[in-house]
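Q: I'd like a close look at one part of this model, together with whatever is needed to place it in the chain. Please take me through it step by step.

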Amino acid sequence: MVTSNIGFILNFITIVVNVISCFISFLIVLGTVHHLSKNRLNKDDKITIILAANIYSLIFFYTIILISFNIQAILGELYAQDFNSWWCIFLGYLAAVFLSTIYWSFANQAFFRLCRIVYSTIQWFQYYWLYIIIPPIEFIILCLLFCPLLLWHDIVYISTEYYCNVRNRNIRGVIWLLSVGYGGPLLFLLVIYIRIAQYIYQRRNTQTLIVRRRQQRELIVVRRIFITVTFLIILQIPRTILFIMLFITGDEYTYFARVEWLFLGLSMIGLSLSMAFSTPQLKKIIMQTWHFNRIKPANALTAAVRTAHL
């Protein structure tokens, strides 16, 4: 009974965390779409907002999948429902694809900065439509890369957790998830950061002060992206510790999945907030929206008072 209560509490907390993350990402996506449609922006700001909106859209859909997992777990514990089906397998597959796409979307941001600094003379790297078609193509490629998990039948229904995922004891599936989902984008980001730093260092004496300052700002942006992704991976340390305990002792922690979900939910909230306040274009949109919402009621109240006096 105590075990069941603890599991229920962890699932409930995780649902709350994921709902908050889902709500934040949904509001920011609406704000960015409205901003793009109502304002004339320069090319760089437009690309930055488009890439950010893509990340928040992915977070929104991914947290919905996490919420469905937690709801299944709660219903399974309370009513012993069985959710074993092809749809459950497909959701487990989509969860892996969306999480990987989120991390690769940060690599897209870094790639945009790389093109602005190192490959600024290549014109088609500067077109904003390129950064519109990259995300869907990338999503399709990742869907294909994760297809082996379906062909190998590594995504299975875990009856004790009431959802579908790669079992923690499945070394092949876990390594595939970690390498494609985490290792690939982190390595790509590291290569981009080193390339930009090397380029700026080699040309520090041959460029004007204005160009050097602009490139330094771009390097700082890439560094923030790299730090953000690294921070999100660090948040998975509890999961890593549980994996190590599993392979050392051979015993799987009872609340392994619950802890994993909780930290994934916290990662998505941290990601949403860090992006919102570290990206100047997003911060401007949020501040404008907040200022508008504060001013509008005040104006309405003033108008009502004036009408009453008349």
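A: Gladly! A term to begin with: helices are DSSP runs of H or I with at least four residues, strands are DSSP runs of E with at least two, and both are numbered from the N terminus. With that in hand, and keeping in mind that the model is predicted, let's start with one annotated span. Residues 83–106 are 88% helix and 0% strand, with 34 Å between the end C-alpha atoms. This span is one of those that UniProt, in an unreviewed entry, lists as "transmembrane region". Another from that record is residues 127–153, where the chain is 78% helix and 0% strand and the end C-alpha atoms lie 41 Å apart. The next one in the record covers residues 173–194. The part I'd like to show you closely is the stretch from His 153 to Arg 172, with the hairpin in it.

First, the overall layout. The protein chain has 10 helices and two strands. Read from the N terminus, the order is α-α-α-α-α-β-β-α-α-α-α-α, and 45% of the 310 residues are buried.

Now to the approach to the hairpin. His 153 sits in the loop between helix 5 and strand 1. Its phi is positive, near 60 degrees, though the residue is not glycine. With a relative accessibility of 61%, His 153 counts as exposed. Asp 154 belongs to that loop between helix 5 (147–151) and strand 1 as well, but Asp 154 is buried, at a relative accessible area of 3%.

Then comes the hairpin itself. Strand 1 takes in residues 155–158 and strand 2 residues 163–166; they pair in the antiparallel sense, over four bridges. Two of the facing positions are easy to pick out in the view. Ile 155 is opposite Val 166 of strand 2, while Tyr 157 has Cys 164 of strand 2 as its bridge partner. Four residues separate the strands, and Tyr 162 is in this turn. Like His 153, Tyr 162 is a residue other than glycine with a positive phi, here about 65 degrees. Is Tyr 162 buried or exposed? Its relative accessibility is 17%, so Tyr 162 counts as buried, because the limit for buried is under 20%.

How is this part linked to what follows? Look again at Asp 154: its side chain meets that of Arg 172 in a salt bridge, at 2.8 Å from N to O. Arg 172 lies in helix 6 (residues 171–202), and the pair links parts of the chain that are 18 residues apart. The two ends are not alike in accessibility: Arg 172 is partly exposed, at 45%, whereas Asp 154 is buried, at 3%.

The whole structure holds two salt bridges. The other joins Asp 44 and Arg 116, whose closest N and O atoms are 3.1 Å apart. Because Asp 44 is in helix 2 (residues 43–79) and Arg 116 in helix 3 (residues 86–117), this pair ties together parts separated by 72 residues in sequence. Asp 44 counts as partly exposed at 22% relative accessibility, and Arg 116 as buried at 14%.

Finally, follow helix 6 away from the hairpin. Its axis comes within 9 Å of the axis of helix 3, and the two cross at roughly 10 degrees. Angles under 35 degrees count as roughly parallel, so helix 3 and helix 6 are roughly parallel to each other. In their contact there are 20 nonpolar, three polar and two charged residues. Helix 6 also holds Leu 189, which counts as buried at 0% relative accessibility. The C-alpha atom of Leu 189 is 9.9 Å from that of Ile 227, which is 38 residues away along the chain.

To put the part together: an exposed His 153 and a buried Asp 154 lie in the loop between helix 5 and strand 1, the two strands form a hairpin with Tyr 162 in its turn, and the salt bridge from Asp 154 reaches Arg 172 in helix 6.

Definitions and conventions
Residues numbered from 1 in each chain as written. Predicted model: local features only at pLDDT ≥ 70, side-chain atom pairs only at ≥ 80, totals over all residues. Heavy atoms only, no water. Pairing = 2+ DSSP bridges. UniProt positions renumbered as here; feature names shortened; annotations may be inferred. Salt bridge = Lys/Arg side-chain N within 4 Å of Asp/Glu carboxyl O. Buried < 20%, exposed > 50% of the residue type's maximum accessible area, 1.4 Å probe, protein only. Axes fitted to C-alpha atoms, helices over the stretch in contact; angles between N-to-C directions. Parallel < 35°, antiparallel > 145°, perpendicular 65-115°, else oblique. Nonpolar A, V, L, I, M, F, W, Y, C, P; charged D, E, K, R; others polar.
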